[in-house]
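The exercises below are meant to be worked with the sequence and the model side by side. Try each task before reading the solution that follows it.

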Amino acid sequence: MSEALAKNGILVSVHINCAGYTRKDRAITDKVNSEHGATGNAGRYDKNILDPRDVDGPQKAARAARAIHDFFTVGFGKDGFRYLPIELLEAYNEKMDGARSRFTDEVEQLKERLPGLINARRQQLNGMFNEADYSHLDNLDSLYGFEWTPRPIGQSGDLIADIVDEEVKSQIAIAMDEANVQCADAGHDETVSRFLKAVAHINECLTGFSVTRVRKSGGKYKNEPSRRLFDSMITNLADLVEIGDALNIKKDPQLAAVINEIRDSELLKHDVDTFRDPEASDIVETVQSEAADLAAKLAGFTGKEI
């Protein structure tokens with residue numbers, strides 16, 4: 001399995017750093033503790049040196065980038081690296097390059113706004129403003145970073161250390177291959193869980209769902225659904241199915257069969273607007289029933305019941 005994993009994918013990790021804008025204010029902490037007669041480590045006062053709403057652009061871009069990274073990859077080990085199938089590499093690079101550009105743009109915009117934000121905060125914090133809290137922001141670029149690191153899959157055949165003892169060398173090689181098998185098993189389970197979550201969500205949303213046509217004032221009618229449905233309920237599953245075969249890193253035929261079954265099912269043949277139509281109750285029932293059956297099959301891979 002190690003050879004197939006190494007041939008069909010690489011490991012990638014993403015490291016994104018963002019500046020922090022919270023500082024402990026010892027003077028205010030001591031004052032509050034003194035006013036209440038508290039001693040020792042009774043509490044601490046953390047001060048937002050800038051309004052979090054004014055500096056969250058890079059953080060939002062970072063969260064979006066991590067979501068892209070997680071979407072195209074599956075977990076592989078405990079060192080922060082994830083497995084990226086080679087067939088998704090081009091799409092991954094394109095999306096991550098765009099995410100990195102958005103992150104960089106947000107940082108540049110923040111740099112331009114920073115002097116004004118500090119002056120505004122000077123008035124907002126009044127007596128709590130401390131010029132020294134902002135000295136680390138002089139070189140804002142050093143506080144932000146975005147990089148992704150690729151790495152090949154380690155195999156027993158890659159062992160080039162000069163180990164004379166053949167038994168020891170064999171033990172190390174076996175351990176490397178076993179570790180890859182365990183990582184592949186974990187990645188397989190993550191793929192199953194992602195499909196299960198998406199399919200079970202459709203089942204949950206459509207169970208008991210109905211639409212009532214209500215007459216409003218003026219003689220107009222309005223459709224009122226029993227609960228709110230979002231387009232992402234379907235689009236998230238559609239996006240996952242598009243890369244599902246690649247995420248089946250163990251090439252499990254049973255998982256492949258379920259993914260094909262999802263692809264051919266009614267789940268992806270209708271949009272949410274169809275479900276909101278009072279005349280589409282039969283479609284809703286069919287999609288919900290198929291979602292329940294597919295979720296049960298996927299849950300069978302994990303040994304859990306839904």
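**Exercise 1.** Is Glu131 buried, partly exposed or exposed?

*Solution.* The model is a predicted one, in which local features need pLDDT of at least 70 and side-chain atom pairs count only at pLDDT 80 or more, while totals for chains, interfaces and linings use all residues. Residues are numbered from 1 along each chain as its sequence is written, and side-chain values use heavy atoms, with hydrogens and water left out. The classes are set by relative accessible area: buried is under 20%, exposed is over 50%, and partly exposed lies in between, with a 1.4 Å probe and protein chains only. Glu131 has a relative accessible area of 48%, and it is therefore partly exposed.

Next, look for the partner of this side chain. Glu131 and Arg122 meet in a salt bridge, with 3.1 Å from N to O; the term stands for a side-chain nitrogen of Lys or Arg within 4 Å of a carboxyl oxygen of Asp or Glu. Arg122 is itself partly exposed, at 34% relative accessibility.

**Exercise 2.** Find what separates Asp97 and Arg100 along their helix, and describe the pairing of their side chains.

*Solution.* Begin with the general point that side chains of opposite charge can pair when their charged atoms come close. Asp97 and Arg100 form a salt bridge of 3.2 Å, N to O. Both belong to helix H4 (residues 89–125), where they are three residues apart and so separated by about one helical turn. Helices here are DSSP runs of H or I with at least four residues, strands are runs of E with at least two, and both are numbered from the N terminus. As for exposure, Asp97 is partly exposed at 39% relative accessibility, and Arg100 is partly exposed at 27%.

**Exercise 3.** Place these pairs within the full set of salt bridges: how many are counted, and which residues are linked in a network?

*Solution.* The count comes to 15 salt bridges. Among them is the pair Asp56 and Lys60, whose side chains meet at 3.6 Å, N to O; Asp56 is partly exposed at 25% relative accessibility, and Lys60 is partly exposed at 48%. The network links Asp70, Arg82, Glu190 and Arg194.

**Exercise 4.** What sign does phi have in Asn126 and in Lys251, and where do these residues lie?

*Solution.* The background is that most residues other than glycine have a negative phi. Asn126 has a positive phi near 55° and is not a glycine. Asn126 sits in the loop between H4 and E6, and at 61% relative accessibility it counts as exposed. Lys251, also not a glycine, has a positive phi of about 55°. The place of Lys251 is the loop between helix H6 (232–247) and helix H7 (253–264), and its relative accessible area of 47% makes it partly exposed.

**Exercise 5.** Set separation along the chain beside separation in space for Gly57 and Gln109, and then for Asp105 and Val32.

*Solution.* Gly57 lies in helix H3 (residues 57–72) and is buried at 16% relative accessibility. Gly57 and Gln109 are 52 residues apart along the chain, and their C-alpha atoms are separated by 8.8 Å. Asp105, a residue of helix H4, is partly exposed at 44% relative accessibility; Asp105 and Val32 are 73 residues apart in sequence and 40 Å apart in space, C-alpha to C-alpha.

**Exercise 6.** Describe the overall dimensions of the protein chain and its share of buried residues.

*Solution.* The protein chain holds nine helices and eight strands. Its radius of gyration is 27 Å, whereas a compact globule of 306 residues would have one near 19 Å; the radius is taken over C-alpha atoms, and the globule rule is 2.2 Å times the number of residues to the power 0.38. Along the principal axes, the C-alpha atoms fill a box of roughly 90 × 65 × 40 Å. Finally, buried residues make up 36% of the 306 residues, and of the contacts (heavy atoms within 4.5 Å) with a separation of 6 or more, 74% are between residues 24 or more positions apart.
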